[in-house]
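Work through the exercises below with the sequence and the 3D structure open. Try each task before reading its solution.

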Amino acid sequence: MSHAASVHSLWTLAADPPREIPAPHIEYAQLAPTLIVLGGAVLGILVEAFLPRRARYHAQLLLSVVGLAAAFAAVVALAAGGHAGEKARIAAMGAVAVDGPALFLQGTILLVSLTAVFTFAERRLDPAAHGNRVDSFAAQGSAVPGGEAEQAAVKAGFTTTEVFPLALFAVGGMLVFPAANDLLTLFVALEVFSLPLYVLCALARRQRLLSQESAVKYFLLGAFSSAFLLFGVALLYGYAGTVTYSGIAEVVSGTTRTVDPALASTMGNDALLLIGGALVLMGLLFKVGAVPFHMWTPDVYQGAPTPVTGFMAAATKIAGFGALLRLLYVVLPGMRWDWRPVMWGVAIVTMLLGAIVAVTQTDVKRLLAYSSIAHAGFILAGVIAASPDGVSSVLFYLAAYSFVTLGAFSVVTLVRDAGGEATHLSKWAGLGRRSPLVAAVFAVFLLAFAGIPLTSGFAGKFAVFKAAAQGGAGTLVIVGVLSSAIAAFFYIRVIVLMFFSEPKADGPTVAVPSALTSTAIAVGVAVTVVLGVAPQYFLDLAGQAGTFVR
C-alpha cells in the first residue's frame, strides 16, 4: 500500500462522525460543604505563597474558621432542605451520597475541626522565643531537628502556618469519606485525608525526633492499610463488575440484570466477595484503630503535636466509622451472617485490650490512645447491632466522644514544664491543688470517658449497648460493661492522682491559654454536660439521620 493510500485511509477514519463524550452532571449545591472546605484549603496555599510572613498567621486562621463555619452552614442548609430525609440522593454521577448519616457526620466533623483549629492557633502556652510568640508546631518543618537551619528559623521567629491548609485538606477528605458511594471515591478520600495527617504528625516544636518517628510509623502502616483497601476494591470489582455500592449490593443479593461478558467468568464468585470485603474492612478498621490494626495509635498519639492528636483522634474516628457503617449497611447487608461473627471477635478483643493495656500506661497521651482503642470497641458494638437503632446510636456516640477527646487533649497542652508539655503521669500528681479549675475540667472529661451518668459518655454507651442487646448481641454488652469497669479504674486513678496526692516542688505549671484554647475546652465541657444531662434531642436527631440512601 503506497504512502498516499495510507494517508487516504487515515483521512477516511478521521472523517467518521465524532463520538460525543457526555459531560458529567454535578450537583454543586449538594456537594457545597466539601467544595467550600477544599476551596478554603487551596486559598490557604495561595496565602502561604503570596502574603508576607507576618500577615500569614492571622489570614490563615481567619480563612480556616470562615471556611469551616461556612461549610457547616451549608450542611445545616442541606439538612433543613430535606436532604437528610425524603430528598436524600446520590450526587456527582453516583460517587457521593447526600443523606442523613452523611450530613450528620459531616456536620460533626466540621464542628470538631472548627474547635480543633482554635487549638492549632494557640500561641500563649510556650514562653516567647526571641520575642516572638510561638505555637505547638516546628518553626520550619523541613529543617533538621536541632540543626543550624532550625535554630536560625526559631531566632527569626518563623512559624509553620501551612498547618491550617493541611488541616483543611484533611477535613475535605474526611467529609467525602463517610459519604463516598463507590469504592474508588472511598479510596481517593482516604488518601486525601491521610496524607496531610502524616505531615501534621511530624511537625511538633518540642521533641522533634519523637514527632518525626510517629509520622513515619503512621505513614508506613497507613500505606499498608491503603494497599489492603485497594486490593480489596480490585477483588470486589472482579466479583461485581462495578465499584458502585448499589451495584455490588445488587450482585450480592442476586438482583442484577446486566452482565459484562468480560467479567462473566468471575462475576458472582463468592471467594472474591469474601476476600475483597475482608480487605476493604481491614483498611477501614485500621483507620478507626480497632485491634489487631491498632499498633500505630499509641505511638502516633504520643509523638504528634497534641493539637493534631486531638484533631486526629476525634475527626478520623468519625470519618472511619461513617465509611464502615455505609460499607456494612449499604454494600454488604446481604452478607450479614458472614461479617457479624468477625466483627464480634474484633469488637470483643478491641474493648478488652484497649481497657487492660491502658491500666499499665504512664504517659497521659498514651493512656488516652488506649482509651480511644477501647472506645472503638464500644462503637463497634453499635455497628454490629445491624439495625436502625444501631446506626443512630453510633452517630450519637461519635458526636459525644469526639468533643470529649478534643477537650481532653486540649487540657493536656496546658500542663507544661521546662521541656514543653509534661505528659508523664507522675508529673500530674497534685495538679488539683495547684490548678483546681484545669484539674476539674480534665476530671469531667475522664468521667465522660468512663461513662459515668450525667456525662455524654454514659448516654452514648447506653444507646450503643441498648442497640446491641436488641440486635441479639447480649454477650457483647456483657464484655462491654466489664471493659468499661476496667477502664473506669484507670480514669478514676488519674483523678485521685490529681486531687489526693501532694504536688511536687519541681512539678509542672499550668500555662494560662489565650481565648482560643479556652474556647475549645469550654466547647468540650459544654457538649459533654449537655449531651449527658439532656441527650434526648440529639438522640432523636441521630435517629432521624439514621437512614442510608440506597
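**Exercise 1: A pair far apart in sequence**

In this predicted model, a salt bridge joins the side chains of Asp126 and Arg416, with 3.3 Å from N to O. Task: find where in the chain Asp126 and Arg416 lie, and decide whether each is buried or exposed.

Solution.
- Step 1. Asp126 sits in the loop between helix H4 (100-120) and helix H5 (148-156).
- Step 2. Arg416 belongs to strand E3 (residues 415-417).
- Step 3. The two residues are 290 residues apart, and the pair links distant parts of the chain.
- Step 4. Both Asp126 and Arg416 are buried.

**Exercise 2: A pair between two helices**

Task: locate the salt bridge of Lys217 and Asp299, and classify the accessibility of Lys217 and of Asp299.

Solution.
- Step 1. The side chains of Lys217 and Asp299 meet at 3.1 Å, N to O.
- Step 2. Lys217 is in helix H8 (residues 208-240) and Asp299 is in helix H11 (residues 296-303), so the salt bridge ties together parts 82 residues apart in sequence.
- Step 3. Partly exposed covers the range between under 20% (buried) and over 50% (exposed).
- Step 4. Lys217 has a relative accessibility of 30%, so Lys217 counts as partly exposed.
- Step 5. Asp299 has a relative accessible area of 23%, so Asp299 is partly exposed as well.
- Step 6. Lys217 and Asp299 also belong to a network of salt bridges that includes Glu213 and Arg366.

**Exercise 3: Checking a distance against a cut-off**

Task: explain why Arg56 and Glu48 count as a salt bridge, then classify Arg56 and Glu48 as buried or exposed.

Solution.
- Step 1. The N to O distance between the side chains of Arg56 and Glu48 is 3.7 Å.
- Step 2. The rule asks for a nitrogen within 4 Å of a carboxyl oxygen, so the pair qualifies.
- Step 3. Arg56 is at 14% relative accessibility and therefore counts as buried.
- Step 4. Glu48, at 13%, counts as buried too.
- Step 5. The count of salt bridges under this rule comes to 10.

**Exercise 4: The surroundings of a leucine**

Task: describe where Leu281 lies, whether Leu281 is buried or exposed, and which residues Leu281 touches.

Solution.
- Step 1. Leu281 is part of helix H10 (residues 270-288).
- Step 2. The relative accessibility of Leu281 is 10%, so Leu281 counts as buried.
- Step 3. Leaving aside residues up to four places away in sequence, Leu281 touches Leu324, Leu327, Leu328 and Met343.
- Step 4. For Leu281 and Leu327, the separation is 46 residues in sequence and 8.2 Å in space, C-alpha to C-alpha.

Key: Residues numbered from 1 in each chain as written. Predicted model: local features only at pLDDT ≥ 70, side-chain atom pairs only at ≥ 80, totals over all residues. Heavy atoms only, no water. Helix = DSSP H or I, 4+ residues; strand = E, 2+ residues; numbered from the N terminus. Buried < 20%, exposed > 50% of the residue type's maximum accessible area, 1.4 Å probe, protein only. Contact = heavy atoms within 4.5 Å.
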